[in-house]
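Please read this note with the structure open beside it. The points are short and can be checked one at a time.

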Amino acid sequence: MDNTALTDQQRRVIQDFTTLLDKSKTLFNGIRDLPQHGTKQWQAHFGRTFDVFTRLWKFQQQHRQILDTHYGLKRWQIGEIASKIGQLYYHYYLRTSETGYLLETFSFYSAIRARAYYSQATKEDKPDLMVKKLRYYARFIVVCLLLKKLKLVRDMVRELSRHVEEYIQSFDPEDQLEWTLILTEIKSFVEVSCIPLILHRLTPYNTPPIEPGIPFCCTLQEVIIVGNCADQVKCTEMSLDMFWMLQALEREPHDEAPGGGVSASSSHQLDASPAPGRTPYDDSFSRVAGKENPHKYLLYKPTFSQFMLFVSAGYKELPSGGALLLYISADGVFTDIQKRAGGQAYDFGGVAMNNRRDMSNSTGSNPSLLLNNMHQRKSTAGPPSTRDVNCLYPGDLYPLLRRPTFLIVDSENSSVFLGMRSLFGQPLVTFTGPVDVPTYLRDQPKRGSLMTLFLHSPLTAICYICNISEVSISLWDKCQAHVDKFICDAGRLLVRCGHLDRSYLDFYLDDFLRLLMLRFIFCSCTLRLHRNFKMNPAFQPHCHPPIPEDEVLTHPSLKRLVYDLACILDVMHAFHDDDETVC
């Protein structure tokens, strides 16, 4: 570039562009150092970053001819700006739990692909540029999975596979094994997570009706989702269980482009970029009748200190009348310590946390965003006279019980958490998954936890335990109607139950918690009737306080609905006993 041939205006344009570009990179890089908890600590930085990227995006549009001709602006550089704006939206979605920001991420990522901003990356002979392209694809696939763009997901996986191969052949890079592993993980994750027929999130259509006469107590405000299963399939820093629960605790966003393209409003945002002083999406995207998604923290393989930091932040941020949901999917930690009276809190083991050496500044790590290929073996306790410092014990959670708490643990040692009691007069409900599964399911540890799948999609779960791999759309709709009827009937039975613990009613008015409770009842009722599950208590989910069996869990009307569903799916052989006539 010959600066002597430039006019003063052209020099000013180039200088202003490079200043904005440098400032945007500095602010963007600063995001990784922000604490992941709270709001005041990071919102101001995000506002400044959005503002700079807004000006940068508009500036390169207004002065494209000068920048192309005299600065040498390349299409991949425009794509890099758009990719960072998409990342900003995605980070903001993770921090706020508002799915509208996820749609904005999708619109920018879609434009990068549609406009082929990275199409010449291989010809640039820059391996770092190819890595940026591969990372963009990995991020876009995750966003598409979260938005159920399944055809696009499969197309993107094929493209990523081709680009990884090109990257390895062109540069013979040192990180080729890492990218091969990432590609394998993504393919495995897509294989087990793509369920094209269901709406994953809460909608007006799958929200259970509220029975009249229940007084308001609390609503779900803070959620901690922990994934620490060593052998479970994952995509970037999200295990399959985390992926399922994340969606079960969000409202379905309003997407104006159901075919997978960029909507008209999204295209407008693409040109306008994310101005910090306005809401970058319609409030109706993620608010239904004034109700917002609960705020969530996603913790993939956290250390114990990281877990305590985030759970304490969630506890601190609870407003009056707010409830905390703690979901843990982790390998079990068992102990041989001699049991003592009253030792339930620490003497019976717990679940594993990551055994990485605690970092001095754990607030600077982000266990939900970084690509981490570290694998962890199942934890075991230390010598009989000690306890495992990397284990999360039931006793560690007792300080949280000063506020309304909903606890879900899916682990082979989940039963130890059933002994927890409310010591402060606050509502407490605990759901624990089966500690074992029948033999025919034991060779599939990577495919997610069974109770979690029921909480995410009951119909998918019953197909899974009955070895049904394909269901037509018409049959799915017919079966889903039976599941919906079960949920409604279970709700009526639950609130009218004469021996139900008050904690369930305290949580019942919250849409998310109500749906989880009723899906848990479906899970319990179904597994109690399935021939491969019903004879072994270890194959059953459990809850505390207990839900009365005769009045709810084994009620004849609910059993009949499960049997009817089995008949429709033509799997009555999995439920039918010879001495029963059920269909």
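The points below go from confidence to overall make-up, and then to single elements.

1. Basis of the note. This is a predicted model, in which local features need pLDDT of at least 70 and side-chain atom pairs count only at pLDDT 80 or more, while totals for chains, interfaces and linings use all residues. Residues are numbered from 1 along each chain as its sequence is written, and side-chain values use heavy atoms, with hydrogens and water left out.

2. Confidence. pLDDT is the predictor's confidence in each residue, from 0 to 100. The protein averages 84, and 83% of the residues score at least 70. Among the elements, strand β9 (residues 405-410) has the highest mean pLDDT, 98, and helix α10 (residues 264-272) the lowest, 35. (Helices, H or I of at least four residues, and strands, E of at least two, are DSSP runs numbered from the N terminus.)

3. Stretches to treat with care. Over residues 256-290 pLDDT stays under 50, and the model has 70 contacts for them beyond four places in sequence. Residues 358-382 also stay under 50, with 68 such contacts. A contact means heavy atoms within 4.5 Å.

4. Overall make-up. The protein has 18 helices and eleven strands. Of its 583 residues, 58% are buried, that is, under 20% relative accessible area with a 1.4 Å probe and protein chains only (exposed is over 50%, partly exposed in between). Among contacts with a separation of 6 or more, 77% are between residues 24 or more positions apart.

5. Strand β5. Which strands pair with β5 in the parallel sense? β1 does so over nine bridges, and β9 over six; two strands count as paired if DSSP finds at least two bridges between them. Leu220 stands opposite Ala323 in β5, and Tyr327 has Ile408 in β9 as its bridge partner. Nine of the nine residues of β5 are buried. On one side these are Gly322, Leu324, Leu326, Ile328 and Ala330, and on the other Ala323, Leu325, Tyr327 and Ser329. In a regular strand the side chains alternate between the two faces of the sheet.

6. The nonpolar cores. A nonpolar core is a set of buried Ala, Val, Leu, Ile, Met, Phe, Trp, Tyr and Cys residues joined through side-chain atoms within 4.5 Å. The largest has 156 residues, and Leu325, Ile408, Phe431, Ile465, Ile521 and Phe575 touch the most other members. Helix α6 (residues 127-146) gives the most to this core, with 14 residues. Apart from it lies another core of 27 residues, including Tyr297 and Val311. Leu325 itself touches several residues more than four places away in sequence, among them Leu220, Ile224, Phe406 and Ile408.

7. Helix α11. This helix (residues 304-316) has 13 residues and reaches 18 Å from its first C-alpha to its last. That is close to the 18 Å expected at 1.5 Å a residue, where the expected span is 1.5 Å times one less than the number of residues. Its buried residues are Gln306, Phe307, Phe310, Val311, Ala313 and Gly314. Seen down the axis of α11, they fall within an arc of 155° (taken from the directions from the helix axis to the C-beta atoms), so they line one face of the helix. What covers them includes β1, β4, β5 and β8.

8. The three-stranded sheet. β6, β7 and β8 form, in that order, an open sheet with antiparallel pairing. Its edge strands, β6 (332-333) and β8 (391-392), each pair on one side only. Two bridges join β6 to β7 (residues 350-352), and Val333 stands opposite Gly350 in β7.
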